[in-house]
Amino acid sequence: NYLKNIVNISRLRYIPPGFLYRKRIIQKSSKDMKLIFLGNPKYRIKSWNEYLKLPLISGKLESVNNIWSEKAFENFIDRPYSYIFLNLHKKKNKKCLEAVRLSKLLSSGAIIISEHCDLEDEEKFKNLIFFCHKNEIENKFCELINMNQEKRQILSDQIYIRFKKKF
């Protein structure tokens, strides 16, 4: 009740965590490119299973659920291959963007493909994240892995600069 008296709760959405200085992602060869979901897919099992069936994604899709510290994150981004991150929504009807998780990635220059979300969130993260319908994600991933290493690095650098400037 206290908060309701101070703020109109229906307008309170979230506070974007903003840019954080951290280690940058360096794009490597697309030969062993992975599509990484950070988190446990069991909370998104239906979507996860649908993506596993897609022929151009299935062998490249990977879930990572063991990054609980800054050091673990830095070790992860030092892997010897490149990756694109996949953002899946936890609840089918709740399409808010997972901004806290994504700010850490964007602060490192990550390239992210996300399922569509609330239009207000998409507008805030326009030109930072590739928002796609489920049936477009496979094609967007293929488009990104078919870029040469230099073009992907330029894209990563642009995302990093835009996020740093905006947030």
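**Pockets, a cavity and a few loops**

Helix α4 is the top contributor to the lining of the largest pocket, giving 4 residues. That is where I want to start. One caution before going on: this is a predicted model.

So, the largest pocket. How much space lies in it? About 340 Å³. There are 17 residues in its lining, and L38, G39, I67, W68 and R101 are the closest to the centre. By class, the lining splits into 8 nonpolar, 5 polar and 4 charged residues. Keep R101 in mind; it comes back shortly.

Now the second largest pocket. Its volume is about 230 Å³. Here 13 residues make the lining. Nearest the centre are K46, S47, K91, K92 and K134. Which helix gives the most to this lining? Helix α2, residues 45-52, with 4 residues. Look at the classes here: 9 charged residues, with 2 nonpolar and 2 polar. In the largest pocket the split was 8 nonpolar, 5 polar and 4 charged.

Next, enclosed space. Rolling a probe the size of a water molecule over the atoms shows where empty space is left. How many cavities of 30 Å³ or more are there? The count is 1. About 40 Å³ lies inside the largest cavity. Its lining is I36, F37, L38, F85, L86, N87, R101, L102 and L105. Three elements each supply at least two of these residues: β1 (34-38), β3 (83-87) and α4. The lining divides into 7 nonpolar, 1 polar and 1 charged. Here is R101 again: it lines this cavity, and it is among the residues closest to the centre of the largest pocket. L38 is on both lists too, as a cavity-lining residue and as one close to the pocket centre.

Step back to the whole chain. The fold has 7 helices and 5 strands. From the N terminus, the order is α-β-α-β-α-β-α-β-α-β-α-α. The chain has 167 residues, and 43% of them count as buried. Take the contacts with a separation of 6 or more: 74% of them join residues 24 or more positions apart. The accessible surface comes to about 9,800 Å². Carbon and sulfur atoms hold 53% of that.

Now the loops. I have picked four residues.

First on my list, S107. Where is it? In the loop between α4 (99-106) and β4 (112-115). Buried or exposed? S107 counts as buried, because its relative accessibility is 0%. The side chain of S107 reaches back to the backbone oxygen of S103, at 2.9 Å. What does S107 touch, leaving aside neighbours within four places in sequence? G18, F19, L20, R22, R24, Y160 and F163.

Next, S82. This serine is in the loop between α3 and β3. S82 is buried because its relative accessible area is 2%, under the 20% cut-off. Its side chain reaches the backbone nitrogen of K28 at 2.4 Å. Beyond four places in sequence, S82 touches I26, Q27, K28, S29, D32, M33, K34 and R152. So K28 appears twice for S82: as a contact, and through its backbone nitrogen.

D78 is in the loop between α3 (70-77) and β3, the loop that also holds S82. How accessible is D78? At 43% relative accessibility, D78 counts as partly exposed, because that value falls between the 20% and 50% cut-offs. Leaving out neighbours within four places, D78 contacts K23, K28 and Y83. K28 is therefore a contact of D78 and of S82, by the rule of heavy atoms within 4.5 Å. How far is D78 from R24? In sequence, 54 residues; in space, 9.4 Å, C-alpha to C-alpha. R24 we have already met, as a contact of S107.

Last on my list, N127. It lies in the loop between α5 (119-124) and β5 (130-132). What is notable in its backbone? Phi is near 70 degrees, a positive value in a residue other than glycine.

To recap. The largest pocket holds about 340 Å³, with α4 giving the most to its lining. The second largest pocket has 9 charged residues in its lining. The largest cavity holds about 40 Å³, and α4 is one of the elements supplying at least two residues to its lining.

Definitions and conventions. Residues numbered from 1 in each chain as written. Predicted model: local features only at pLDDT ≥ 70, side-chain atom pairs only at ≥ 80, totals over all residues. Heavy atoms only, no water. Buried < 20%, exposed > 50% of the residue type's maximum accessible area, 1.4 Å probe, protein only. Polar contact = N/O pair within 3.5 Å; in protein donor to acceptor, adjacent residues only side chain to side chain. 1 Å grid on protein atoms, 1.4 Å probe; cavity = no way out; pocket = protein on both sides within 12 Å on 5 of 7 lines; lining within 4 Å. Points joined across faces, edges and corners; volume = space filled by probe spheres on them. Nonpolar A, V, L, I, M, F, W, Y, C, P; charged D, E, K, R; others polar. Areas by Shrake-Rupley, 256 points an atom, 1.4 Å probe, with all protein chains shown as cover.
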